[in-house]
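Biologist: I have a model open and would like a close look at one part of it, the second largest cavity. Could you walk me through what surrounds that space, and then take me outward from there?

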Amino acid sequence: IHPTSNWQSKVIGWSADSHCTDVLHDRMLLRYAFQISPKLDMRRIIRAFEKLTQRHDTLRIQFVDVKGKWAVRINDEHPTGVQVKDFGEVDDEVLEAKANQYAAAPMSIFADSLIELLVLKFGRRGDVLIIRIHHAITDAYGLTVIIEEFLKSLLGIPFLSSAVSHADYLEQWERADTQADKELSGYWAERILPVIPPLNLGRKAKGLEEPGPIARQSTIGLQLPVDKVTYSKIGAAAKKSGVSFFSYVVAAFAEVICDFAGVDEVYIQTPVGRHSRKLDTYVGEHTKHIWVRYKKAQDWNAERQAALVASQLREGMSHLPSATMELNEETQQAISDCGAQLGIYLAREAGSYARMKSSRFGNAFLEGPNKEQRMGLWKIREMQLRPQAHTISELQIDLIEDLKGHTVCLGADADAYDSEELAKIGDAIVKKLTG
């Protein structure tokens with residue numbers, strides 16, 4: 001029995017709340033599906049999965065109630081192992097429907113197993129391999145490691161380093177350091193104060209209360225209408241100016257929010273993934289959130305505003321909030337008095353591009369759905385699963401990178417924005433990026 005991590009405690013609290021909706025549950029389920037032919041060697045699949053789950057105790061986590069408090073139990077073995085369903089000969093439509101049905105099936109955070117490997121067999125069409133895992137025990141980086149190491153086990157490639165265990169992670173990354181936490185809290189207080197009042201946009205403009213991440217009823221999303229030539233120009237400008245493509249996206253997103261709300265400042269929250277090589281073999285969740293305090297430009301200049309965002313991101317990265325850091329009482333009180341919520345607007349680099357690119361299976365990760373590849377004896381096609389809930393924030397922008405280049409997508413609370421409103425925001429962002 002071990003303590004839960006800070007993230008696990010938060011997700012358990014969300015999931016156990018009586019107001020928790022399917023939107024949050026869906027966002028907490030990470031999944032991939034691959035159509036593979038010829039048929040898989042089930043003995044090798046079973047051995048590879050056993051090796052993977054024995055190597056990473058995080059994949060054997062079960063949350064249990066110990067005297068009224070949630071804790072982590074590490075099972076000796078994975079409770080279910082590989083699950084197999086045989087559907088015989090079917091057409092393409094049935095294959096796609098079954099893959100989506102099993103990939104999207106609800107997964108309770110209180111289940112015996114928080115990772116599932118399913119093999120759906122479809123006769124001459126081959127097999128569909130589905131990996132499903134709860135976000136409480138992994139993140140995008142961790143999922144990349146899981147798939148990579150599963151493939152290594154399948155192909156007989158040895159592991160060259162030991163894995164970071166759940167207990168090791170808690171000891172190294174979640175042990176309280178009072179003095180360091182105090183300094184970090186002071187740094188973030190300086191960035192947050194004075195508090196920016198809630199913006200008259202989205203739910204607030206419609207007279208609706210902000211429900212937080214647990215109680216959103218439905219979401220909508222769209223891909224921004226940007227062609228490859230424009231993406232290439234933005235990428236070239238980013239490279240020339242020495243800032244990231246992501247900084248351009250955050251700046252355009254924040255500027256448009258200020259424009260639509262008629263304000264001069266906005267908080268943009270952004271998640272930060274792995275920042276230490278010591279976590280290379282850790283498959284559990286390790287994401288920190290930092291805030292950009294964006295000030296609207298007097299005259300829009302994409303390069304200048306992106307540089308200002310990049311400066312805040314770099315500085316924030318050197319002051320990442322620890323698992324035990326809390327904002328000081330003065331800051332918390334100021335936020336409460338103002339009614340501000342710092343996670344309304346989220347900007348995210350989706351996936352784990354750098355980790356995927358560095359993998360020996362990089363092409364398999366980055367080709368994207370519906371691209372057939374060869375791996376040893378097999379032909380493999382990542383399947384295009386139906387979209388998940390788009391966000392648990394009120395408004396979110398994602399930068400997605402793969403071998404084809406960049407894609408920018410918006411996700412929104414459907415009660416805060418309708419499709420027409422979201423399209424107008426998207427068009428305005430495109431104009432900022434291309435202007």
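Modeller: Happy to; I will begin with the cavity and then move on to the cores, a buried arginine and an exposed proline. Please keep in mind that this is a predicted model.

Let's start with the empty space. Two cavities of 30 Å³ or more are counted here, and the second largest holds about 30 Å³. Its lining is made up of Phe-49, Leu-52, Ile-115, Glu-116, Leu-117, Ile-131, Ile-146 and Phe-150. Seven of these lining residues are nonpolar, one is charged and none is polar. Helix H3 (42-55), strand S5 (115-121) and helix H5 (140-155) each bring at least two residues to the lining. The biggest share comes from S5, which gives three residues.

Now to the nonpolar cores. In soluble globular proteins, nonpolar side chains tend to be buried together. In this model the largest nonpolar core has 64 residues, and the members that touch the most others are Phe-253, Ile-257, Val-266, Ile-268, Tyr-345, Leu-395 and Ile-429. Helix H9 (residues 245-261) is the top contributor to this core, with 13 residues. A separate core of 50 residues lies apart from it, and includes Leu-40, Ile-61, Val-119 and Leu-143.

Val-266 is a good place to zoom in on the larger of these cores. Setting aside neighbours within four places in sequence, Val-266 is in contact with Ile-196, Leu-199, Ala-254, Ile-257, Cys-258, Val-292, Arg-293, Tyr-294 and Tyr-345.

Next, have a look at Arg-274, in the loop between strand S8 (265-272) and strand S9 (288-295). Arg-274 counts as buried because its relative accessible area is 16%, under the 20% cut-off. The side chain of Arg-274 has a polar atom 2.7 Å from the backbone oxygen of Tyr-282, and it also reaches the backbone oxygen of Gly-284 at 2.6 Å. Beyond four places in sequence, the residues in contact with Arg-274 are Asp-139, Tyr-141, Gly-142, Leu-279, Tyr-282, Val-283, Gly-284 and His-286.

For the opposite case, turn to Pro-106, in the loop between helix H4 (92-104) and S5. Pro-106 counts as exposed because its relative accessibility is 80%, over the 50% cut-off. In sequence Pro-106 and Met-28 are 78 residues apart, yet their C-alpha atoms are 9.8 Å apart in space. That loop also leads us back to S5, the strand that gives the most to the lining of your cavity.

Key: Residues numbered from 1 in each chain as written. Predicted model: local features only at pLDDT ≥ 70, side-chain atom pairs only at ≥ 80, totals over all residues. Heavy atoms only, no water. 1 Å grid on protein atoms, 1.4 Å probe; cavity = no way out; pocket = protein on both sides within 12 Å on 5 of 7 lines; lining within 4 Å. Points joined across faces, edges and corners; volume = space filled by probe spheres on them. Helix = DSSP H or I, 4+ residues; strand = E, 2+ residues; numbered from the N terminus. Nonpolar A, V, L, I, M, F, W, Y, C, P; charged D, E, K, R; others polar. Buried < 20%, exposed > 50% of the residue type's maximum accessible area, 1.4 Å probe, protein only. Polar contact = N/O pair within 3.5 Å; in protein donor to acceptor, adjacent residues only side chain to side chain. Contact = heavy atoms within 4.5 Å. Core = buried A, V, L, I, M, F, W, Y, C linked by side-chain atoms within 4.5 Å.
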